[in-house]
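Student: I should like to take a close look at a single part of this model. Please begin with one residue and then work outwards to its surroundings.

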Amino acid sequence: MNVVLLVLIGLPLLGAALLVARPVDERSARLVGVGVSGAVLVLAVVLAFAFDRDDARTMQFTTDRVWASSLGLHFHVGIDGISLPLLVLTALLTFLVAVHSLGTIPPGGSARAYTALVLVLECGVLGTFAALDLILFFLFFEVVLIPMYFLIARWGTPGERGPAAFKFILYTLLGSAVMLLGFLLVQAHTGTFDITQLTVGSGDGMSRGVQITAFLAIALGLAVKVPMWPLHTWLPDAHTAAPTGGSVLLAGVLLKMGTYGLVRIAVPVLPEGAEVFAPYLAAFGTVGIVYGSLVCLALLRDPDGDLKRIIAYSSVGHMGFALLGIATLTPQGINGALFVNIGHGLITGLLFFLAGAVKERSGTALLGRIGGSLYARAPRLGGLVAFGAVAGLGLPGLAGFWGELLAMYGAYHPASGLSRPLYLVLLAAAGAGTVLTAAYMLGIVRTVCMGPGLGASLDDGRMDSGRGDSGRADGGRLDGARAQGGGREAVARVEPLPDVGRVEVAAWGPLVVLTVVAGLWPASVLAVTDPAVRALLGGGA
């Protein structure tokens, strides 16, 4: 099975190379993307079934080969209970993005280039989650940045994509450079880049001062990717400008690389540094929860508020729960953070698919121009938007609930050595953030699904069904909806929109199903992550 893992990582890169080397037509390029990403998903499922859940704390399917002996570099990969769910999530979301591309790819470049970049990005993310060498982790981490930059810069929204792509690459490259300095500092004092050895050593060979310095550098680099407030400012611009597939992958898997790095490297390798900076991570994460929610509420009240931007700011809040969970340094909190990763990947991936569909049909993502009334204009699409919003607010029984609950439970009983009164204050603030999250998510449903229709013209109170469409220059139809105002009834004429198609059902359906499955059966994730988390906190034993 170690060969299967190697093939899983390398196959997307091979597929991208074939697309670059051999010119194919647009349709064939999209089919190649579906075929390659589908094969990767099958391999990921095979690994999941072959994975020994009774020994989830142990690295499985490992390959360790000397890469550069003079520098002590190894090509060392493997997976445990922490990385397996993220590996499967990455393969799933990439496949669904490829399926979605069968229906539409925004203008900006060829389908061949778009598909090749998506596959290179998949290779980088899969390698990041499987890497067991610090330099190998860094290289895979960097591989992801280039394809995402071009996806935003070439296929993003005209007028916004250039600055957004530049801001994305600037923030992430600077963060990566700082992270690399932390890795080099660790190696200088331990003599190894091997993550498994460093985890077992749990800080051996490094003084308290070295651990604090190294943790600060590594955590800063990873916090940019999370993104942690106040290092989040690149994210809303990137999401607003990115094409639908880019937004799905950015929110669904790229943000998870930051929290994964904290759990895999920073906390177990540098325990004294983690203890010093954990309260700051918790505080910044909690501020992100409240701040992201307040910005979403403000955008909902603005006619020029962008639906994709609202979902982007919601990611700042949701990933704040992941940071809070990690910062508790408890098994419950870290398990909650890992569950947030999975739940957020499923739900926000679905929401960005839906936001992209609304934008394509309406020609805009601005709330004042979308016009709402999706229930009347595209009932199935409106129902899915409502489902995604309800899942995003953390409704019990759906995937968004358990991660946030466990993160807050970890804050109620943080690890020894951490200030419990401080964490209780942060817990209360995070709890208020869940209320604000519910407010803006329900606000999305009201504005997008239940508001007046696009270009709706309201009768001034005379309900005359015999007028037909004479009152509309665009020939829209009367849907029978009534808007209450000034004590009089008014009739809104709305324009129907194309409802959910077959390609969209194939791309979105698995996310809906898995959101329900993960919510009703949390052990599907926690039974795999919990043994590995406890092993990490115990020095890998």
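Is Leu346 buried or exposed, and what is its relative accessibility?

Tutor: The model is a predicted one, and the description below should be read in that light. Leu346 counts as buried, because its relative accessibility is 4%, under the 20% limit for that class. The residue belongs to helix α14, which covers residues 331-362. Once neighbours within four places in sequence are set aside, Leu346 is in contact with Leu89, Leu92, Leu511, Leu514 and Thr515. A further spatial relation concerns Gly392: the C-alpha atoms of Leu346 and Gly392 are 9.8 Å apart, with their positions 46 residues apart in sequence.

Among the contacts of Leu346 is Leu514, a residue of helix α20 (residues 502-520). Leu514 has a relative accessibility of 33% and therefore counts as partly exposed. Leu514 also takes part in a nonpolar patch on the surface, together with Val513, Val517, Leu520 and Trp521. The accessible area of this patch is about 490 Å² in total. Leu514 thus appears in two settings: it touches the buried Leu346, and it contributes to the surface patch.

Another buried residue may be set beside this one. Thr128, in helix α4 (residues 111-130), has 0% relative accessibility and counts as buried. Leaving out residues up to four places away in sequence, Thr128 touches Phe137, Phe140, Phe141, Met257 and Tyr260. Two of these contacts, Phe137 and Phe141, are linked with Phe183 in a cluster of ring pairs. Phe141 also has a charged partner: Lys225 lies over the face of its ring, 5.1 Å from the centre. A corresponding arrangement is found for Arg420, which lies over the face of Tyr412 at 4.6 Å from the ring centre.

The aromatic pairs in the model number 12. One of them joins Trp229 and Phe284 in a tilted arrangement, with the ring centres 6.0 Å apart and an angle of 40° between the planes. Trp229 lies in the loop between α9 (208-225) and α10 (234-241), whereas Phe284 lies in helix α12 (residues 271-300), so the pair ties together parts that are 55 residues apart in sequence. Trp229 is partly exposed at 25% relative accessibility, and Phe284 is also partly exposed, with a relative accessible area of 30%.

Notes
Residues are numbered from 1 along each chain as its sequence is written. This is a predicted model: local features need pLDDT of at least 70, side-chain atom pairs count only at pLDDT 80 or more; totals for chains, interfaces and linings use all residues. Side-chain values use heavy atoms; hydrogens and water are left out. Rings of Phe, Tyr and Trp (its six-membered ring) pair if their centres lie within 6.5 Å; planes under 30 degrees apart count as stacked, over 60 as edge-to-face and the rest as tilted. Helices (H or I, at least four residues) and strands (E, at least two) are DSSP runs, numbered from the N terminus. Buried means under 20% relative accessible area, exposed over 50%, partly exposed in between (1.4 Å probe, protein chains only). A charge sits over a ring if NZ of Lys or CZ of Arg is within 6 Å of the ring centre and within 35 degrees of the ring normal. Patches are made of residues with over 30% relative accessible area and no salt bridge: like charges are joined within 9 Å, nonpolar side chains (Val, Leu, Ile, Met, Phe, Trp, Tyr) within 5 Å. Accessible areas come from the Shrake-Rupley method with a 1.4 Å probe; for residues, only the protein chains shown count as cover. A salt bridge is a side-chain nitrogen of Lys or Arg within 4 Å of a carboxyl oxygen of Asp or Glu. Contact means heavy atoms within 4.5 Å.
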